[in-house]
Amino acid sequence: MGSIAMLKEYDVGLVSPIYTVFEMKDAIRPTFFYYYMKQPIFQEMIKHHAIGTTRQNFPFEAFKMFPMVVPPMELQLKFEEIAKPIEQKITKPKEENEVLAEIRDTLLPKLMSGELPVEVGEE
């Protein structure tokens, strides 16, 4: 519970059977709904309707109990137009950080073991 994701880059994906997967109707843009689900009030409603003891989950049918104001499509498209470039500005540094972390994790053991020599300059 609490894991919210949206498949963006691919047409098909694999997901654990413990997750509920659904496709959006034409009346709601996926980007709008994604950010709606990230709102604290939505998260609180999910916690309120969660079931289970060891691992809580949220039954898909509980969505029917949630009040939701759906803005006109024109407004959702405008929101998407604004949100997409911001998402890209956030995603790019995260991807770069992942690459740098991989490089660090590869180089650090080699440096510590002496496999890669380090030249120390004299001052």
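This is a short talk on how three helices are arranged in one model, followed by its salt bridges and a nonpolar patch on its surface. Please keep in mind that the model is predicted.

I will start with helix α1, residues 30–38. Thr31, Phe32, Phe33, Tyr34, Tyr36 and Met37 are buried there. What do the buried residues of α1 pack against? They pack against two helices, α2, which covers 40–49, and α3. The third of these helices, α3, spans 73–113.

Take α1 and α3 as a pair. Their axes come within 9 Å and cross at roughly 70°. That crossing makes α1 roughly perpendicular to α3. On the α1 side the contact involves Thr31, Phe32 and Tyr35. On the α3 side it involves Gln76, Phe79, Glu80, Ala83, Lys84 and Glu87.

Threonine 31 is worth a look on its own. This residue sits in helix α1 and counts as buried, because its relative accessibility is 2%. Setting aside residues up to four places away in sequence, threonine 31 touches Met6, Phe79, Glu80, Ala83, Lys84 and Glu87.

Now α1 and α2. The axes of these two helices come within 5 Å and cross at roughly 70°. The two helices are therefore roughly perpendicular to each other. Tyr36, Met37 and Lys38 of α1 make the contact with Pro40, Phe42, Gln43 and Met45 of α2.

Methionine 45, then, belongs to helix α2. Is methionine 45 buried or exposed? It is buried, because its relative accessible area is 17% and the cut-off for buried is under 20%. Apart from neighbours within four places in sequence, methionine 45 is in contact with Tyr36, Phe66 and Pro67. Glutamate 9 is 36 residues from methionine 45 along the chain, and their C-alpha atoms are separated by 29 Å.

Next, the salt bridges. How many salt bridges does the structure hold? There are four, and I will go through some of them.

One joins the side chains of arginine 29 and glutamate 80, at 2.8 Å from N to O. This pair links distant parts of the chain, with arginine 29 in the segment before α1 and glutamate 80 in helix α3, 51 residues apart. Arginine 29 is partly exposed, at 29% relative accessible area, whereas glutamate 80 is buried, at 11%. Glutamate 80 also appears among the α3 residues that meet α1.

Another salt bridge is formed by the side chains of glutamate 44 and lysine 47, at 3.6 Å, N to O. These two are separated by about one helical turn, because they lie three residues apart in helix α2. Glutamate 44 is partly exposed, with 47% relative accessible area.

In helix α3, lysine 78 and glutamate 81 are likewise three residues apart, about one turn of the helix. Their side chains meet in a salt bridge of 3.4 Å, N to O. Lysine 78 is partly exposed at 42% relative accessible area, and glutamate 81 is exposed at 52%. As background, an α-helix has 3.6 residues a turn, so residues three or four places apart point the same way.

Last, the surface. Which residues make the nonpolar surface patch of about 720 Å²? The patch is made by Val99, Leu100, Ile103, Leu107, Leu111, Leu116, Val118 and Val120. Of these, leucine 116 lies in the segment after α3. Leucine 116 counts as partly exposed, because its relative accessibility is 31%.

How values were computed: Residues numbered from 1 in each chain as written. Predicted model: local features only at pLDDT ≥ 70, side-chain atom pairs only at ≥ 80, totals over all residues. Heavy atoms only, no water. Patch = residues over 30% accessible without salt bridge, like charges linked within 9 Å, V, L, I, M, F, W, Y side chains within 5 Å. Areas by Shrake-Rupley, 256 points an atom, 1.4 Å probe, with all protein chains shown as cover. Helix = DSSP H or I, 4+ residues; strand = E, 2+ residues; numbered from the N terminus. Buried < 20%, exposed > 50% of the residue type's maximum accessible area, 1.4 Å probe, protein only. Contact = heavy atoms within 4.5 Å. Axes fitted to C-alpha atoms, helices over the stretch in contact; angles between N-to-C directions. Parallel < 35°, antiparallel > 145°, perpendicular 65-115°, else oblique.
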